[in-house]
Amino acid sequence: MTILISARIATIAALAIGTLAACSPDQAADNRQQTRLATLHSTSITLPEDDQTFGDGAALAPLNAHCLACHSATMVLYQPRLTAAQWQAIVDKMRDAYGAPIPAGQAPALVDALISLQTRHADGR
């Protein structure tokens, strides 16, 4: 029993000494140097303008209203052909994971419009 208690005390003492050593002035200087090496800088980019819409009409209005805020029409038109279930998963992800302001009731109209675009643009465009 005495040996077990002594081993625990020795372990705690070793951890305390290690913690104190990590807080030494030399270690603090090393940490500051590492922080300088890991500094991040902001950068800005200019994206090309794309004024294209998905077209006119009530069926495409949801795409123009909800998708063009973040995506260009060209980018969406070049997506591979997807099933309705796949488009639904993407619309749900845009709303739930990325915070796209898509009312839940608009999701089926978006999916229908995306499927309609695929049908019109059989080559993916």
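The following exchange asks how certain terms come to be applied to this predicted model.

Reader: What kind of model is this, and how are its residues and atoms treated?
Author: This is a predicted model, in which local features need pLDDT of at least 70 and side-chain atom pairs count only at pLDDT 80 or more, while totals for chains, interfaces and linings use all residues. Residues are numbered from 1 along each chain as its sequence is written, and side-chain values use heavy atoms, with hydrogens and water left out.

Reader: How many helices and strands does the chain have, and what makes a stretch count as one or the other?
Author: Helices are DSSP runs of H or I with at least four residues, strands are runs of E with at least two, and both are numbered from the N terminus. The chain has 6 helices and 0 strands, so that its pattern along the sequence reads α-α-α-α-α-α.

Reader: Why is α5 called oblique to α6?
Author: Two packed helices are described by the angle between their axes and the distance between the axes. The axes of α5 (residues 84–96) and α6 (residues 107–120) come within 9 Å and cross at roughly 130°. Angles under 35 degrees count as roughly parallel, over 145 as roughly antiparallel, 65 to 115 as roughly perpendicular and the rest as oblique; the crossing angle falls in that remainder, which makes α5 oblique to α6.

Reader: Which residues of α5 and α6 make the contact, and how many of them are nonpolar, polar or charged?
Author: With contact meaning heavy atoms within 4.5 Å, α5 contributes Ala84, Trp87, Gln88, Val91 and Arg95, and α6 contributes Ala107, Leu110, Val111, Leu114, Ile115 and Gln118. By class, the contact has 8 nonpolar, 2 polar and 1 charged residues, where Ala, Val, Leu, Ile, Met, Phe, Trp, Tyr, Cys and Pro count as nonpolar, Asp, Glu, Lys and Arg as charged, and the others, Gly among them, as polar.

Reader: Why does Gln118 count as buried or exposed?
Author: Buried means under 20% relative accessible area, exposed over 50%, and partly exposed in between (1.4 Å probe, protein chains only). Gln118, in helix α6, has 10% relative accessibility and therefore counts as buried. Across the chain of 125 residues, buried residues make up 18%.

Reader: With which side chain does Gln118 make a polar contact, and what makes a pair of atoms qualify?
Author: A polar contact is a pair of N or O atoms within 3.5 Å; within protein, one must be able to donate a hydrogen and the other to accept it, and residues adjacent in sequence count only if both atoms are side-chain atoms. The side chain of Gln118 makes such a contact with the side chain of Trp87, at 2.8 Å.

Key. Axes are lines fitted to C-alpha atoms, for helices over the stretch in contact, and angles run from 0 to 180 degrees between N-to-C directions.
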